[in-house]
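The following exercises are to be worked through with the sequence and the structure in view. Attempt each task before reading its solution.

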Amino acid sequence: MYTILVVIIELFVASTNLNNSIKITHLDGQQLSFSSYTECRNHVEKNIIQILNFSQKYFESELSRFVVCVKNDAKGIDL
């Protein structure tokens, strides 16, 4: 299974806020679950504007961010 992550990139860290990613788990009250990377990426491509707008609630608007699909059991990533 795959999960959508929105990650920020700070080249010059000016704060101690360590929250640099959010996990997207639901859309319109329905749980998101993707059985393949391609399925996840297709959803991201279709909904990229909504995903980035949603992420603005959590990150300062001027920060660069990118959206990735991550396998739920990826080593080194605690989902």
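**Exercise 1: Thr-25 and its surroundings**

Thr-25 counts as partly exposed, because its relative accessibility is 31%. The model in which this residue is examined is predicted.

Task. Determine in which loop Thr-25 is found and which residues Thr-25 touches, not counting residues up to four places away in sequence.

Solution.
- Step 1. Locate the residue: Thr-25 sits in the loop between strand 2 (21–24) and strand 3 (26–27).
- Step 2. Apply the cut-offs for exposure: a residue is buried under 20% relative accessible area, exposed over 50%, and partly exposed in between. The 31% of Thr-25 therefore places this residue in the partly exposed class.
- Step 3. List the contacts: with residues up to four places away in sequence not counted, Thr-25 touches Gln-30, Gln-31 and Leu-32.
- Step 4. Examine the side chain: a polar contact of 2.8 Å links the side chain of Thr-25 to that of His-26.

**Exercise 2: Thr-3, a residue distant in sequence**

Task. State how many residues separate Thr-25 and Thr-3 in sequence, and decide whether Thr-3 is buried or exposed.

Solution.
- Step 1. Compare sequence and space: Thr-25 and Thr-3 are 22 residues apart in sequence, while their C-alpha atoms are 7.2 Å apart.
- Step 2. Assign the element: Thr-3 belongs to strand 1 (residues 2–9).
- Step 3. Classify the residue: Thr-3 has a relative accessible area of 12%, so it is buried.
- Step 4. Find the partner of the side chain: Thr-3 makes a polar contact of 2.4 Å with the side chain of Asn-72.

**Exercise 3: The largest pocket**

Task. Establish which element provides the largest share of the lining of the largest pocket, and describe the lining by class.

Solution.
- Step 1. Recall the principle: rolling a probe the size of a water molecule over the atoms reveals where empty space remains.
- Step 2. Give the volume: the largest pocket has about 170 Å³.
- Step 3. Identify the elements: strand 2, strand 3 and helix 1 (37–55) each give two or more residues to the lining of the largest pocket.
- Step 4. Find the largest share: helix 1 contributes five residues to this lining.
- Step 5. Sort by class: the lining has five nonpolar, five polar and one charged residues.
- Step 6. Name examples: among the lining residues are Lys-23, Thr-25, His-26, His-43 and Phe-54.
- Step 7. Follow one of them: His-43 is found in helix 1 and counts as buried, because its relative accessibility is 16%. Leaving aside neighbours within four places in sequence, His-43 is in contact with Ile-4, Leu-27, Leu-32 and Phe-34.

**Exercise 4: An unusual backbone angle**

Task. Asp-28 is not a glycine; what is the sign of its phi?

Solution.
- Step 1. Read the angle: Asp-28 has a positive phi of about 55 degrees.
- Step 2. Place the residue: Asp-28 is in the loop between strand 3 and strand 4 (30–31).
- Step 3. Classify the residue: Asp-28 is exposed, because its relative accessible area is 75%.

**Exercise 5: The whole chain**

Task. Give the order of the elements in the protein chain from the N terminus on.

Solution.
- Step 1. Count the elements: the protein chain has one helix and five strands.
- Step 2. Arrange them: from the N terminus on, the order is β-β-β-β-α-β.
- Step 3. Consider burial: 29% of the 79 residues count as buried.
- Step 4. Consider the surface: the protein chain exposes about 5800 Å², of which carbon and sulfur atoms supply 51%.

Terms used. Residues are numbered from 1 along each chain as its sequence is written. This is a predicted model: local features need pLDDT of at least 70, side-chain atom pairs count only at pLDDT 80 or more; totals for chains, interfaces and linings use all residues. Side-chain values use heavy atoms; hydrogens and water are left out. Helices (H or I, at least four residues) and strands (E, at least two) are DSSP runs, numbered from the N terminus. Buried means under 20% relative accessible area, exposed over 50%, partly exposed in between (1.4 Å probe, protein chains only). Contact means heavy atoms within 4.5 Å. A polar contact is a pair of N or O atoms within 3.5 Å; within protein, one must be able to donate a hydrogen and the other to accept it, and residues adjacent in sequence count only if both atoms are side-chain atoms. On a 1 Å grid over the protein atoms alone, a cavity is a set of points where a 1.4 Å probe fits but cannot get out, and a pocket is an open set with protein on both sides within 12 Å along at least five of seven lines; lining residues have an atom within 4 Å of a point. Grid points are joined across faces, edges and corners, and a volume is the space filled by probe spheres set on the points. Ala, Val, Leu, Ile, Met, Phe, Trp, Tyr, Cys and Pro count as nonpolar, Asp, Glu, Lys and Arg as charged, and the others, Gly among them, as polar. Accessible areas come from the Shrake-Rupley method with a 1.4 Å probe; for residues, only the protein chains shown count as cover.
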